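Visitor: I'd like a close look at one part of this model, the charged side chains that hold on to one another. Please start there and then follow the thread outwards.

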Amino acid sequence: MAIAQLDSETLSTIKEESWFVIVGRRFIRHKLAVVGMVIILIFILTAIFANVLAPFDPYKQNLAPSYSNPSGEHLLGTDELGRDVFSRLLYAARISMFVTVFVNFVAETIGVFVGAISGYFGKWVDAVIQRVVEFLLTLPTLPLLLFFSAMLRGMTIPGLPDEWSKAIIISLVLIAFGWLGSTRLVRGMVLSLREQEFVQAARALGASDWKIITNHMIPNSLAPVIVNLTLGLGGTIVLEAALSFLGFGITPPVPTWGNMLQNVQERMWQQPWLAFYPGLCIFLTSLSFNYIGDGLRDALDPRLKL
Amino acid sequence: MNTMDKQSKPDLLVVDNLVKYFPVRSGLLQRVNAWVQAVDKVSFAVKKGETLGLVGESGCGKTTVGRTLLRLVEPTSGSVSFEGKDILKMGSRELKPLRRDMQIIFQDPYASLNPRMPIGESVMEGLHIHKIGQPKERWEIAINMLKKVGLEEYHARRYPHEFSGGQRQRIGIARALAMNPKFIVCDEPVSALDVSIQSQVLNILKDLQSEFGLTYLFIAHNLSVVEHISDRVAVMYLGKMVELTDRESLYREPLHPYTKALLSAIPVAHPGQTKERTILKGDVPSPLNPPTGCRFHTRCPIAVSQCSQEEPQFKEVRPGHFVACWLAE
C-alpha cells in the first residue's frame, strides 16, 4: 500500500485528513461507483439549480398544447394540463432527492444508534427495544403509512413553503418506519462484536460505554448498514411514489418523480415518454446509490485490497 | 537468588476469597437453574515486581480470575485489593484512574485489535481516554511504545490485518504499556503463537518488566513457558487454587498430586531418559456440579476417604508454599 512507502517524517505530519484521502483513493478505483457518484451529483445540481435550468414554470398550466409531443420548445412534451414535463422533472428532483436522502440518512442513523445500544447493553434494554421493533415490524407498513399521512396531511410546518413542509412531514412518517431494519442489523453485529477481545481491551483501558459504541461497535458494523442504506435509498423513492400514487404522498401540483409517474397512467400507451422519463430518473438514482454503496463499503473496509 | 528478595517485597495485589459463579439460564422465562462455579474461593497475593504464573487445564477458571481482577467480569463475591484499595467496591468513576495502573494482554492476537483502527490509534486509545498529553505527544508515546516492542513508526498507520500474529501480540503489549501500568494480566499471551515467536514475545515481556518494574500475572497452560517467566507459580484445578509456591520448589518438589501429574506430563527432550508418569484418569468434572470435598478426589491417585467428604484448606505448609491437600504435610 502506498502509505507504507511514506517516510517517517511525512508520516508524522499526516493526521486526520489522511483517512479521507485513503478512502477517497480506494473509492475512485471502483468505476461504477464513480459513475453513480457523477449521476447523483448531476441530479443534485439540477435539483439545486432547477429554477435556472428549467425553461418553463413547472406549475404554469396551458391547456391548449396539453399532451403535446416532445418538440424544440417542450423538450419532453407537456402533460395533461399543458405543463412542461422537462421543467417539472427538474423540480421533481428537488423533492424526490430530498425525501430519499433525508429519510434514509436519518433513519439509518437512528437505526445504527438504537441497534448498537440494544446489542451493547443487552438485558432489559435489549428486550424492550427488540419487542418495540418486532411490534412495529408486524404492523402492515403501507396501510399505516396511509393512515399517518392522511392524519398529518393538513399539517404544515410554519415558515416553510408548502411543498417543503409536505416533504418533511412525509419524510418523518417514512423515518418512523424506516429505522427498524438497520436496528436489527446493527444489533446482530454488535452482539457478536461485544464479546471480542478488542472490546475487552477498550474496557480495560477505561473506555466509557459511549466510546466503545462509537469507536469500536459502530465502525465495525457499518458495512451491512451501508448496503442497507443504498438499498433503502432506492426503496424510499418507490415508497414515496406508492404513497403519491394512492394520493397520500406529496400531491400535485408539487411535482415528484412518483406522482408524475402516477399522473400519466391513462396516457402511458399514447405518450410513453411521460412515464419513461420519471421512471428513468427513479431507476438511475436508485441504481447509482447502489453502486456508490458498493464502492463505499469496499473503500471503508481496510482488509480489502483494492 | 533474586526469588528470595522478591519474596520480601510488599504485596501489590491481594486477592481474598474470590468467587465467580456464572448463571445458567434456560426456559421461556430465562430462569437461573444452575451455576457454573468458575472460580471458587481463590486467594493469593502478587508481590511488587514479580511474575506470578497461573496454570491449569482449559476451563479451570484461570482466565476468569484474570478478568475479574480488572473488573472485566464482575465477581460474585470476595475482595481484590490493589495497593491497599479494594477495587471490587469501586464505582466506575473511581475505577477509571486505576485502569491506567492495571492492564491486560490477550490470548488471541487476531481478536484483540480493532480491525478498523490503525494500530497507532489502538495504542493511543488509552492515552486519549485518560486525556494524557496533547495529540502530538500521544502519537510520540505510541510510536515510542511500538519501537519498544520492535515495530517502526511507519507501522503505526497500518491496520491489524497487515501484521502477523506475533507482531499483533506485540502491538497488544504496546497498547497495554502505553498506559504506563504497574500491573499487567497476561492472559495466555503466547499460546496462540508458534514456538519460535513465543520465545520472542516472552523475552520482550521480560525486558519490559525489568525496564519498567512491571508486575505480571501470567496465565498459561504451558508449564515450560511458565517456568521460563515466573517467579512464583499458582496451580488451579476446577475453580480452586490447589498449590502456590516459588518456581524452584514447585518444579523440584510439588506437594499436590495434581501438580505432580501436570509436571510429569512435560515431555523430556532426552530420548534415553525415562521418567515416572502420573496419568490422570477420566475427565475434568463439570464445574456445574463439582465433586464434594476436595474437587480433585475423583481423579486423585492417592485419595483417601476424607478427601471426598471434607474440603482441604488452602494453607501454608512450608514457608511460602501453599497447598490445598489433606495429604500434604
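Guide: Happy to. B:Asp40, B:Lys240, B:Arg295 and B:Glu311 are linked in a network of salt bridges, where a salt bridge is a side-chain nitrogen of Lys or Arg within 4 Å of a carboxyl oxygen of Asp or Glu. Before we go on: the model is predicted, so local features need pLDDT of at least 70 and side-chain atom pairs count only at pLDDT 80 or more, while totals for chains, interfaces and linings use all residues. Residues are numbered from 1 along each chain as its sequence is written, chains are lettered from A and ligands numbered from 1 in the order in which they are written, and side-chain values use heavy atoms, with hydrogens and water left out.

Within the network, look at B:Glu311 and B:Lys240, whose closest N and O atoms are 2.4 Å apart. B:Glu311 sits in the loop between helix H11 (305-309) and strand S11 (315-318) of chain B, and B:Lys240 in strand S10 (residues 240-246) of chain B, so the pair ties together parts that are 71 residues apart in sequence. Helices (H or I, at least four residues) and strands (E, at least two) are DSSP runs, numbered from the N terminus. The two partners differ in cover: B:Lys240 is buried, with a relative accessible area of 11%, whereas B:Glu311 counts as partly exposed at 38%. Here buried means under 20% relative accessible area, exposed over 50% and partly exposed in between, with a 1.4 Å probe and protein chains only.

Now turn to another salt bridge of chain B, in which the side chains of B:Glu50 and B:Arg232 meet at 2.9 Å, N to O. B:Glu50 belongs to the loop between strand S2 (31-47) and strand S3 (51-55) of chain B, and B:Arg232 to strand S9 (residues 232-237) of chain B, so this pair ties together parts 182 residues apart in sequence. B:Glu50 is buried at 1% relative accessibility, and B:Arg232 is buried with a relative accessible area of 6%.

For a contrast in chain A, try A:Arg194 and A:Glu195, a salt bridge with its closest N and O atoms 3.5 Å apart. A:Arg194 counts as partly exposed at 23% relative accessibility, and A:Glu195 is exposed at 55%. Over all chains, a search of the whole structure finds 23 salt bridges.

Back to B:Asp40 from the network. B:Thr76 lies 36 residues from B:Asp40 in sequence and 9.5 Å from it in space, C-alpha to C-alpha. You will find B:Thr76 in the loop between H2 and strand S4 (77-82) of chain B, partly exposed at 45% relative accessibility. A polar atom of the B:Thr76 side chain is 2.8 Å from the backbone nitrogen of B:Tyr21. Neighbours within four places in sequence aside, B:Thr76 is in contact (heavy atoms within 4.5 Å) with B:Val19, B:Lys20 and B:Tyr21.

The helix before that loop is worth a look too. Seven of the eight residues of helix H2 (residues 62-69) of chain B are buried, so this helix is largely enclosed by the rest of the structure. Among the buried residues are B:Lys62 and B:Arg67. H2(B) is followed by B:Arg71, whose phi is positive, near 60°.

Another polar side chain under cover is B:Gln198, in helix H7 (residues 195-212) of chain B. B:Gln198 counts as buried at 13% relative accessibility, and a polar atom of its side chain lies 3.2 Å from the backbone oxygen of B:Leu193. Beyond its neighbours within four places in sequence, the contacts of B:Gln198 include B:Asn222 and B:Val225.

Finally, the nonpolar side. A nonpolar core is a set of buried Ala, Val, Leu, Ile, Met, Phe, Trp, Tyr and Cys residues joined through side-chain atoms within 4.5 Å. The largest one has 52 residues, and those with the most contacts inside it include B:Val123, B:Leu205 and B:Phe218. A second, separate core of 36 residues includes A:Ala204, B:Val42, B:Leu54 and B:Leu217.

Notes. Polar contact = N/O pair within 3.5 Å; in protein donor to acceptor, adjacent residues only side chain to side chain.
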